[in-house]
Amino acid sequence: MTLTGAESEEVFTLLGGLAVALGTAALAAHVLVPGVRPHLDVLCRDARLGRFWGRLFVVSLLLAMPLGAAAAWFMPGDILRPEAEGVRRGALMLRAAAVLALGFLWALLLVALHFEARLPRVARRDGGEAPGRSRSERGAVGR
Amino acid sequence: MTAVALYLVGAAASVLLSWLLVRLLRGSLADLLTELWQSRARAAFWAAVGSTAILLLGVFGGTGTGGYPASGDVSFSRGFFAMASQMRSTLGGLFLALFMVAFAVAMFSMNSDRPRRGHLRGGAEDVTGPEA
């Protein structure tokens, strides 16, 4: 099977756009993972819950960016520019990936602000309750 | 070189530029937030969120297509100016992200310096128990 010049350029756009989107997602996850985990443990008041939500967020981000880029490639074109191809289609892919990732980050920010408002001031300053124990374990110690 | 290949090289360069800026800023941002909040976990969380916002807005800025032809080969001079335009929009995105993070840190800093209302009223708002 041989591809024509235009077809090979489209495939190159898809693969290149996916590579840039995946690289950006990996860098974003690399920045987010070590910083987000300890505070999520405090916000969830449970180390296991914090680990779960942290992993879920990072995996969602890693999947969403390339998937958004691929979905933008399959779209026939921008609403304003229906003839999008080549460079314009690559730009649409990267924009879709970046906008999805920014949306995820915005959701994380809103959720964190919501849960921070429910934390007592002293727990917020001291880093909260000791992570590593589940809620039921803390209840058993209390009893 | 084809226009798409040059565009993708420019996009990768904008990712790299954003990453370098994040690496440059992350440590000092975390230190500053730790000093503001006296909580290392909270400071690391918001430093990570701010750094990721800088990275993503830089990448988003780097998606500008001004100057590129839609497809086909591109001459050296046209490619050079198209990539310069792409880098300019990357720097615009990074500048916007830095401005937003700096504004947020300044707002947090002003809020943490301001005395709380409860202290002005002799700590009356801190009394929560029914026996008090």
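This is a short tour of the interface between chain A and chain B in a predicted model, ending at one residue in a loop of chain A.

Start by selecting both chains and displaying the residues in contact. On chain A, 39 residues touch 38 residues of chain B. The area buried between the two chains is about 3400 Å², and carbon and sulfur atoms give 76% of that area. Next, pick out Leu27(A), Val31(A) and Val87(A). Together they supply 17% of the area that chain A buries against chain B, more than any other three residues.

Now look for charged pairs across the interface. The count between chain A and chain B is 1 salt bridge. To see it, select Arg42(B) and Glu116(A): their closest N and O atoms are 2.9 Å apart. Polar contacts between the chains come to 5 residue pairs, counting pairs with both residues at pLDDT 80 or more.

Then colour chain A by helix. Three helices, α1 (5–44), α3 (87–118) and α4 (121–126), each supply at least two residues of the side that touches chain B. By residue type, that side of chain A divides into 21 nonpolar, 10 polar and 8 charged.

Finally, move to Arg45(A), in the loop between α1 and α2 (47–74) of chain A. What is the sign of phi at Arg45(A)? It is positive, near 55 degrees, in a residue other than glycine. Show the surface here as well: Arg45(A) is partly exposed, with a relative accessible area of 33%.

Definitions and conventions. Residues are numbered from 1 along each chain as its sequence is written. Chains are lettered from A and ligands numbered from 1 in the order in which they are written. This is a predicted model: local features need pLDDT of at least 70, side-chain atom pairs count only at pLDDT 80 or more; totals for chains, interfaces and linings use all residues. Side-chain values use heavy atoms; hydrogens and water are left out. Contact means heavy atoms within 4.5 Å. Buried area is the accessible area (1.4 Å probe) that two parts lose on being put together, summed over both. A salt bridge is a side-chain nitrogen of Lys or Arg within 4 Å of a carboxyl oxygen of Asp or Glu. A polar contact is a pair of N or O atoms within 3.5 Å; within protein, one must be able to donate a hydrogen and the other to accept it, and residues adjacent in sequence count only if both atoms are side-chain atoms. Helices (H or I, at least four residues) and strands (E, at least two) are DSSP runs, numbered from the N terminus. Ala, Val, Leu, Ile, Met, Phe, Trp, Tyr, Cys and Pro count as nonpolar, Asp, Glu, Lys and Arg as charged, and the others, Gly among them, as polar. Buried means under 20% relative accessible area, exposed over 50%, partly exposed in between (1.4 Å probe, protein chains only).
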